[in-house]
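I opened this notebook to record what I looked up in the structure. The entries follow the order in which I took up each topic.

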Amino acid sequence: MPVARPESCNARVIAHVDMDCFYVQVEQRRQPELRGQPAAVVQYNAWKGGGLIAVGYEARKFGVKRSMRGDDAKKACPNIHLVQVPVARGKADLSIYRDAGSEVVAVLSRRGRCERASIDEVYLDLTDAAETMLAESPPESFGQLEEEASKSHILGLKDDGGDDKERVREWLCENKGDHRDKLLACGAIIVAELRRLVLKETEFTCSAGVAHNKMLAKLASGMNKPAQQTVVPRSSVKDLLGSLPIKKMKQLGGKLGDSLQSDLGVKTVGDLLHYSEGKLQERYGANTGTWLWNIARGNSGEEVQGRLLPKSHGSGKTFPGRQSLKTLASVRRWLNDLCEELSERLQLDLDKNKRIAHTLTLHANAYNLSETDSHKNFPSRSCPLRYGTIKIQEDSFNLFQAALREYLGAYPVTSEGNQENKWGITGLSVSASKIVTIPTGTCTIKKYFQGQSPSCLSGMEAYNCTEDQDSDLGHLKDLKEGTSLEKTRTESALCDWNSQEQKRLSQGTSTIKKYFEDQDPIGSSHLEATDWSEGKASLAVSGKGSDLGTQSKGLKEETSFEKTITMTARCHMDRQEQKRKSQPGTSSILKFFQHSSSSQSPQSGRGTDHDFQASSARDELQRSDISDGMSNCSRVREPKKESWDYKIDEVDLAIVDELPPEIQDELRLWLHPQKRQMASSGRANGPKSTSAAKPCPSIANYFLPLKKQKD
């Protein structure tokens with residue numbers, strides 16, 4: 001429904017620029033021999049030579065219209081040149097026309113706020129430029145106007161039988177006119193200059209309308225074509241709208257316009273002046289009633305949005321007559337092609353303009369032979385958009401199935417498709433909307449998934465970090481090269497630990513290494529770093545060919561020393577942790593792996609004791625071949641095992657199949673505690689391995705845990 005917006009008290013200068021037979025002009029630029037010849041652009045199909053989507057002015061003189069088929073156009077104009085639209089994936093490919101439209105927008109946006117309304121339409125807010133021109137170099141100071149400006153059509157300008165160009169120059173340079181008309185005159189001169197630049201730089205002609213709001217500018221741009229412009233002074237608005245058919249007004253070509261004609265007998269926009277605002281509000285509601293009252297007087301407060309890029313992307317195709325789709329298989333095949341094109345455009349928009357779309361919408365036109373109401377519309381469906389061709393294809397087909405079930409009602413479709421041919425799809429399209437620029441400072445989620453396989457990141461490739469784009473591109477390169485999560489974490493952890501160790505050494509801070517220096521008879525096994533969080537230690541051990549068996553034997557014989565040194569080290573590290581917390585800038589790697597230290601039973605909807613592997617160095621220790629020494633070293637008191645904390649009711653089962661296989665297995669164990677207990681019992685009763693088992697990836701490695709909630 002239209003939205004009633006009050007018009008600004010300050011005078012505005014708005015222009016609407018409309019390209020002349022744009023598709024034909026693009027083809028004429030590609031094939032210069034077509035210039036001056038009757039030509040049309042046709043979207044080819046097998047029925048009657050295809051449908052015409054653009055007709056050149058030379059062909060229009062012979063009666064050729066857009067509603068014609070290719071064969072009919074040749075009968076009306078035997079010399080017409082029919083140029084076929086490029087085809088990709090079995091449908092029209094409009095990429096060359098979109099790119100050509102971008103060239104025009106780049107020129108027009110030099111003088112004011114620019115809103116791209118379609119491939120070949122642009123709105124311009126020239127208020128600031130006109131105000132500046134009026135203050136610095138008003139039209140009356142011009143010795144001679146440009147030829148293009150003097151060709152302007154000024155609505156309401158009296159015809160005294162003299163030279164039209166001279167009368168236009170007099171109006172544009174009138175120094176006794178009111179401020180609003182002077183601004184329009186400046187706007188007309190600016191638009192004439194822009195149109196000349198568009199022709200010079202792109203070889204395209206365009207027409208324009210200049211007025212005080214978007215509604216009037218849109219109406220005026222089509223009044224004198226091609227390659228001309230029309231100016232709408234405030235004094236001419238009543239005459240312009242008085243005879244304008246109601247259906248010619250934007251947003252009145254559908255049901256609202258039909259209601260005005262049938263219920264109120266309104267045939268022209270001027271007829272609305274006979275109805276008060278209250279009467280229109282009573283009939284059509286407060287908002288629509290006020291909007292109708294305003295447009296009858298030429299008022300519109302709609303602003304130029306300042307958008308150079310399209311606000312949505314879409315891909316669609318029609319299937320008229322016998323071409324209608326009657327099975328789910330045929331619908332899915334075409335949806336896959338449409339979604340593939342949409343995905344490419346979204347990815348291009350993301351890479352080039354740093355914009356992401358949030359909503360995926362499916363539209364379709366259909367018929368149902370079993371339905372008594374033949375005018376029932378096929379419902380549209382929307383869902384959050386997930387980037388990646390396969391994701392978009394899956395979601396669009398799910399949306400279609402849901403809409404089809406609602407559309408058929410008591411006549412559900414079978415899993416095999418439309419066996420009885422009771423329904424058919426005559427039009428199908430998918431679109432992406434709610435496209436926004438990625439905010440500055442937004443970081444990519446990919447950095448938390450360093451080294452994941454690309455398949456696991458298909459839904460996250462849409463996000464980017466605008467503050468550190470070079471870093472993100474490096475991360476993405478690592479992902480494509482198959483860098484493992486283990487390797488990335490290990491390198492990151494060691495770098496952080498080394499940095500922390502250097503800080504503590506430079507501050508004279510002791511580490512737990514000094515308590516173990518005399519216990520290493522070989523001298524080649526070193527405690528590389530120590531880090532604490534909430535009073536719990538995480539030790540990174542690097543065994544460079546050391547004989548841990550010898551050290552373990554000594555520890556076994558000195559149990560009293562073991563207990564003493566462990567308690568001493570724990571107390572010392574608690575003090576060191578308190579010091580670091582009091583010193584700004586001191587950081588611990590464990591802050592990236594913080595998790596709850598308590599667990600609850602599966603019956604309470606919380607997670608159970610799954611070890612959170614906080615450091616890659618500890619994983620390295622588990623993989624070391626220390627079968628004999630490990631049994632003795634295990635006597636050293638280790639920090640209490642941590643558990644992963646989660647809420648079972650927040651687990652989205654729809655994404656389980658998208659996770660890596662090992663994570664799927666772990667998640668299913670969480671959701672089925674009985675199977676988990678049986679699996680744990682089997683491991684407890686089974687033979688113990690004499691070598692260190694290869695650590696299994698945990699889902700905790702991929703997601704930061706929840707903070708434990710206080711009761």
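**Entry 1. A charged residue.** The model is a predicted one. I began with arginine 345 and located it in helix 14, which spans residues 328–353. Which side chain of opposite charge is nearest to arginine 345? I found that it is glutamate 341, 4.2 Å away. A salt bridge requires a distance within 4 Å. Arginine 345 therefore has no salt bridge, although it is buried. I then looked up its contacts, leaving aside neighbours within four places in sequence, and noted Arg98, His313 and Gly314.

**Entry 2. The segment before strand 1.** I turned to asparagine 10, which lies in the segment before strand 1 (14–19). Is asparagine 10 buried or exposed? Its relative accessible area is 58%, so I entered it as exposed. I also checked its separation from histidine 212: the two are 202 residues apart in sequence, and their C-alpha atoms are 9.8 Å apart in space.

**Entry 3. Backbone geometry.** Most residues other than glycine have a negative phi, and most peptide bonds are trans. I therefore searched for exceptions to this general pattern.

- The peptide bond from lysine 225 to proline 226 is cis, with omega near -5°. I placed proline 226 in the loop between helix 9 (214–221) and strand 11 (229–231).
- Glutamate 203 has a positive phi, near 70°. I found it in the loop between helix 8 (179–202) and strand 10 (206–211). Its relative accessibility is 42%, so I counted it as partly exposed.
- Lysine 354 is not a glycine, yet its phi is positive at about 55°. This residue lies in the loop between helix 14 and strand 13 (355–356). With a relative accessibility of 23%, lysine 354 is also partly exposed.

**Entry 4. Nonpolar cores.** In soluble globular proteins, nonpolar side chains tend to be buried together. I next asked which residues touch the most other members of the largest nonpolar core. They are Leu108, Leu124 and Leu172, in a core of 52 residues. Helix 8 supplies the largest share of this core, with twelve residues. I noted that domain 1 (8–20 + 89–243) and domain 2 (21–88) each contribute at least three residues to this core. For leucine 108, I again left aside neighbours within four places in sequence and listed contacts with Val17, Val122, Leu124, Leu194 and Val198. Apart from this core lies another, of 35 residues, and I recorded Leu335, Ala357, Cys383 and Trp423 among its members.

Notes
Residues are numbered from 1 along each chain as its sequence is written. This is a predicted model: local features need pLDDT of at least 70, side-chain atom pairs count only at pLDDT 80 or more; totals for chains, interfaces and linings use all residues. Side-chain values use heavy atoms; hydrogens and water are left out. Helices (H or I, at least four residues) and strands (E, at least two) are DSSP runs, numbered from the N terminus. Buried means under 20% relative accessible area, exposed over 50%, partly exposed in between (1.4 Å probe, protein chains only). Lys and Arg count as positive and Asp and Glu as negative; His and the chain ends are not counted. Contact means heavy atoms within 4.5 Å. A nonpolar core is a set of buried Ala, Val, Leu, Ile, Met, Phe, Trp, Tyr and Cys residues joined through side-chain atoms within 4.5 Å. Domain bounds come from an automatic or database domain assignment.
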